[in-house]
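Biologist: Hi! Could you walk me through this one when you have a minute?

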Amino acid sequence: MTLKDAMPNAYVAGRGNLPAEDAALVARRAKALGPAYRLFYETPVHLVRGEGVWLYDTAGDAYLDTYNNVACVGHCHPRVVEAMAKQAATLASHTRYLHEGILDYAERLLATFPAELGHVMFTCTGSEANDLALRIAREHTGGTGVIVTGNAYHGVTARLAELSPSLGPGVPLGPHVRTVPPPDPARFGADVAAGFATAVQGAIDDLLRHGIRPAALLADTIFSSDGVFADPPGFLAPAVAAIRAAGGIFIADEVQPGFARTGAAMWGFTRHGLVPDMVSLGKPMGNGYPVAGLVARPGVVAEFGARARYFNTFGGNAVAAATASAVLDVIEDEGLLENARATGAYLAGGLRDLARRHDSIGPVRGAGLFIAADIERDGAADAGLAARIVNGLREARVLISATGAAGNVLKIRPPLVFTREHADIFLDRIGGVVAAL
């Protein structure tokens, strides 16, 4: 499998009829940024402005953003921008000086977690947060083995890339990494909990057979890169019990499902009735400002803290703390948790109605404003058709992407300010695209 096969909706240089201005930008990118970067869509989108759930191109045309969880409370939210600018104009400093801002935010953030999770450490990205989690896990458990799902993505550092199989065959997994199938009811049947726990136990046994002590089960709690698997609630608990019985810990990667996205609670792991040992946070935390973090049980981080000092020049700086706090303000004051639940249910229902009329749309699943729809032909995964839908929506000025090991799962993850009105626009346009195909 080539990288292009793994990214069926990516732009391929030399194809398409780009406007001269955009073709020049593509050439500049290739020259300045090198060959590793990729662009979305067969015809890339040249964006210049964002507001709420809308993104605007150079001609002023508006695109409905149904994919971007980075700007979780909407693009350029005025309260977040104001908090960022005000703090940047006052003080921008790191965490080695006393300052109330980071403590006010830390205490407020921790209050959204179970009481057992009592410490937070700040980073700039989710990759850094997961990297820090692995360092702590190794110190706490004495092990090195990590278990992830078959198409997981957890970051871009060297340590994280080797346990992110979704990056493709050009990025080999580490010898201490074991993969398990995602918790797909189509694979495990009615008892997803037992099937997934059995798979995790098998990975534990294989690590031990090779003389590798297990350190952690690391899972995105909505399994977004695997194709989005949220149900049934509670299915994760037996797998977490298995890794703990083997001396390892559970790290919940909440970079994508966190911050109210699932509509049931602030954090995706809450659906499973368990308390992780560590929780990594990222993209939505600052609505686009680079702030991330790791929340942990004090006992888990104690040994690491006794042996090593932690410092991150920009992680948790005063501007980051002010910006992230404003994001929490907006989530709370605008009722975005409830909006994710209600609007997500409405959107999923509309997609299921479309599926009843179009055989190409298979099962629809998810939680809150994190929804997936399988694209199929004759009951089999069809990545090519999914790519045509994604690119057809781009032409209809709706931004979306595809995920899953087969590349056939539409990934619908709009900003949390997405309303029923926006859902109706999306449903109308995807209905038109699918009917035309």
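Modeller: Happy to; let's go through the core, a long helix and a sheet.

Modeller: One thing up front: this is a predicted model.

Biologist: Good to know. Which residues touch the most other members of the largest nonpolar core?

Modeller: Phe 259, Leu 347, Leu 351 and Phe 426 do, in a core of 97 residues. Helix H8, residues 192-209, gives the most to this core, with nine residues.

Biologist: Is there another core apart from it, and what is in that one?

Modeller: Another core of 22 residues lies apart from it, and its members include Met 121, Leu 132, Ile 249 and Met 278.

Biologist: Back to Leu 347. What does Leu 347 touch?

Modeller: Leaving out residues up to four places away in sequence, Leu 347 touches Leu 369, Ile 371, Ile 412, Phe 418, Ala 423, Phe 426 and Leu 427.

Biologist: And which residues of H12 are buried?

Modeller: Among them are Leu 336, Asn 339, Ala 340, Thr 343, Gly 344, Leu 347 and Leu 351. Looking down the axis of H12, the buried residues fall within an arc of 165 degrees, so they line one face of the helix.

Biologist: Why would spacing like that put them on one face?

Modeller: An α-helix has 3.6 residues a turn, so residues three or four places apart point the same way.

Biologist: What do the buried residues of H12 pack against?

Modeller: They pack against helix H11 (318-333), strands E11 (361-367), E12 (370-377) and E16 (409-412), and helix H14.

Biologist: How does the span of H12 compare with what it should be?

Modeller: The 22 residues of H12 (336-357) should span 32 Å at 1.5 Å a residue, and the end C-alpha atoms are 31 Å apart, which agrees.

Biologist: Switching topic: what order do the strands take in the open sheet of four?

Modeller: The order is E1-E2-E3-E14, with mixed pairing. Strands E1 (47-51) and E14 (398-399) are the edges, each pairing on one side only.

Biologist: Parallel or antiparallel for E1 and E2?

Modeller: Antiparallel, over four bridges, and Arg 49 has Tyr 56 in E2 as its bridge partner. The two strands form a hairpin with two residues between them, and Gly 52 in the turn has a positive phi of about 65 degrees.

Biologist: What about E3 and E14, parallel or antiparallel?

Modeller: E3 (62-65) and E14 pair in the parallel sense over two bridges. Leu 64 has Val 398 in E14 as its bridge partner.

Biologist: Which strands does H14 lie across?

Modeller: Helix H14 (420-436) lies across E2 (54-57), E3 and E14, running at about 100 degrees to E3.

Key:
Residues are numbered from 1 along each chain as its sequence is written. This is a predicted model: local features need pLDDT of at least 70, side-chain atom pairs count only at pLDDT 80 or more; totals for chains, interfaces and linings use all residues. Side-chain values use heavy atoms; hydrogens and water are left out. A nonpolar core is a set of buried Ala, Val, Leu, Ile, Met, Phe, Trp, Tyr and Cys residues joined through side-chain atoms within 4.5 Å. Buried means under 20% relative accessible area, exposed over 50%, partly exposed in between (1.4 Å probe, protein chains only). Contact means heavy atoms within 4.5 Å. Two strands pair if DSSP finds at least two bridges between them. Axes are lines fitted to C-alpha atoms, for helices over the stretch in contact, and angles run from 0 to 180 degrees between N-to-C directions. The expected span of a helix is 1.5 Å times one less than its number of residues. The arc is that of the directions from the helix axis to the C-beta atoms.
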